[in-house]
Every structure is written in C-alpha cells, then in structure tokens.
Amino acid sequence: MVTETDLVLPGGRSLHVYDTGGPGRPAVFWHHGTPNTGAPPEPLLPLAAELGVRFVSFDRPGYRTSTAVPGRTVGYVAGCVASVADALGIPAFALLGHSGGGSHALATAALLPDRVLAVASLAAVAPFDADGLGWFDGMAAASAASLRAATEGRAVKEKYEATAEFDPDVFTAADTAALGGSWSWLNDVVRAALADGPGGLIDDDLAYVTPWGVDPARITAPALLVHGEQDRMVPAAHSAWLAGRCPHAEYRPSPGDGHLSVLRHAADALTWLADQGSRTSEATTGAR
C-alpha cells in the first residue's frame with residue numbers, strides 16, 4: 001500500500017511524497033525517469049514486500065504538486081532526498097533510478113555519502129560535461145533533437161515541446177514489448193506526469209544539459225550501473241563512462257536491451273541493493 005502526502009519544505013515549497021511504509025525496514029529511494037511521476041515502480045512492489053524493503057519516492061520539482069524550481073540541477077535533488085528522509089525519520093537509505101532518475105540517484109549518492117548505503121541505476125544519463133564522452137553519439141535523432149533544444153535555453157526548449165511528436169524510432173522492439181507487457185505501468189506515470197503540461201520534463205532536460213554540481217567520482221557507496229547495449233534514447237556509453245568514474249562501481253551492459261527493456265533487470269538491481277544494505281548492517285554490527 002502506498003501513501004501519498006505533500007511535504008512542505010522551508011520557504012513554503014512542496015514535494016509530493018510516496019511511501020510504502022514500514023518504519024525500521026530498509027528504505028530505497030526511487031528516482032523516476034523523464035517524464036514520469038515519482039510513484040514507486042508497481043512491477044517491483046511484490047519483490048520489495050518479499051525483501052522487506054520500504055520504497056520512498058517523490059515527484060521531482062515541477063511535476064504535479066511538487067513546486068517547480070527553475071534552473072535546478074541534477075544534484076539539486078539530493079537536498080530533496082535529505083528533506084524527505086529527515087521528515088520520515090530515515091537516517092540511511094539506498095537509491096534506485098531509471099534513465100534520468102539514475103542520474104539523479106548517482107548525484108544524490110555523491111552529495112550524501114554519509115547517508116547512502118548503495119546506489120543502482122538503469123540507463124543513466126552521464127553529466128553533460130563528461131570528459132571524453134561523445135554525449136550525443138548514438139542517440140536516436142528525436143532524442144538528440146530534444147536535448148539539443150534544451151542546450152539553447154528554456155525558451156527554445158518550450159517552443160520545441162509545443163510541437164514535438166513522439167518518434168517510435170527511439171525505442172527498440174524489445175522496448176515496445178516491455179511497454180506493452182511487464183512494464184506497461186510506465187504508460188500510467190507518463191500520462192500523469194504530462195497531465196498538467198511539459199513543465200517537469202522541460203526542467204529535467206535543462207538539468208541534463210547542465211553540469212550536475214557534483215563529480216560522480218565522489219560516490220563512496222557501492223554502485224551498480226546497468227545499461228542496454230541497444231539503447232537509442234541514452235546510449236550505453238553514458239553508463240560505461242559513469243562506471244569508470246565511480247570508485248566502487250560495477251557495470252553490467254545488457255546485450256539486446258534498449259532503454260525500457262533494460263528494466264527487466266530492475267528486480268536484480270533491487271535485490272542487489274537489499275543485499276548491500278544487509279552487508280552494511282552486518283559490518284556495522286560487527287564493528288560495535
């Protein structure tokens with residue numbers, strides 16, 4: 001069961017928060033993609049219950065009732081995570097994200113090293129200023145055009161979104177199958193995210209083409225990066241670059257998977273996070 005609340009932050013801003021509950025259970029913060037809402041991933045809820053994991057998440061600023069923060073960076077969200085965790089009495093937690101959500105999860109891990117136990121991302125977007133990475137190389141034309149518009153600033157990006165149409169070429173056959181099957185839930189959160197317009201999407205894309213505000217090399221927690229080798233929306237080179245930058249990262253390229261079908265590995269990533277959390281707890285207990 002998921003409860004939803006609006007958390008009022010200092011200054012009057014609000015974050016729409018989701019929580020599967022269970023004080024004392026290990027918490028995993030879910031970071032959603034673009035454009036999605038922050039609802040915990042429905043396909044993973046049975047496994048989370050089996051693992052005894054508490055999912056916590058929120059709509060990023062600009063989505064639904066979460067107050068927009070124009071000019072926010074990817075790293076900005078770390079402060080949102082800390083505020084939600086403090087409000088719920090969660091001292092330490094793991095992080096899981098997909099697509100741009102993976103980027104937000106990794107940046108949060110870099111900025112909150114004393115609280116993050118482990119982080120896992122699927123199909124993350126690398127920092128725009130990543131040295132040696134051809135950031136747009138391998139992207140489908142529509143994906144590259146959308147993000148290139150963001151590099152021109154908000155006005156150009158808003159104009160682009162006003163006339164943009166979905167191009168199915170960004171997805172592989174495996175992606176389409178996932179969207180119509182095991183991960184059809186994504187259709188619901190995309191519709192909800194866009195119900196009030198593209199504001200959240202625009203803020204996200206502007207953040208992706210801006211430096212994160214933190215170097216992923218500062219991540220001290222164990223990190224798992226999974227990426228489909230056939231991804232046309234965010235090429236696998238992005239996660240490969242991030243894995244090479246993170247000190248304690250494991251990179252798992254997934255042959256045959258695209259941007260959405262890579263989510264078939266999300267259950268393994270959640271299990272990995274739960275295992276990392278257990279190891280950390282055992283190490284802490286042993287140290288005492």
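**Strand E2 and the nonpolar cores**

Let me begin with strands E1 (residues 3-8) and E2, which pair in the antiparallel sense over six bridges, where pairing means that DSSP finds at least two bridges between two strands, and where strands (E, at least two residues) and helices (H or I, at least four) are DSSP runs numbered from the N terminus. Please keep in mind that this is a predicted model, in which local features need pLDDT of at least 70 and side-chain atom pairs count only at pLDDT 80 or more, while totals for chains, interfaces and linings use all residues. Residues are numbered from 1 along each chain as its sequence is written, and side-chain values use heavy atoms, with hydrogens and water left out.

E1 and E2 form a hairpin with five residues between them, and Gly11 in the turn has a positive phi of about 90°. Within this pair, Thr3 stands opposite Asp19 in E2, and Asp19 also stands opposite Val56 in E4, a strand (residues 54-58) that runs antiparallel to E2 and is joined to it by three bridges.

Why is E2 largely enclosed by the rest of the structure? Six of the six residues of this strand (residues 14-19) are buried, so E2 is largely enclosed, buried meaning under 20% relative accessible area with a 1.4 Å probe, protein chains only.

Turning to the largest nonpolar core, a set of buried Ala, Val, Leu, Ile, Met, Phe, Trp, Tyr and Cys residues joined through side-chain atoms within 4.5 Å, we find that of its 57 residues, Phe29, Phe58, Phe93 and Trp135 touch the most other members. Helix H2 (residues 77-88) gives the largest share of this core, seven residues.

Technical notes: Buried < 20%, exposed > 50% of the residue type's maximum accessible area, 1.4 Å probe, protein only.
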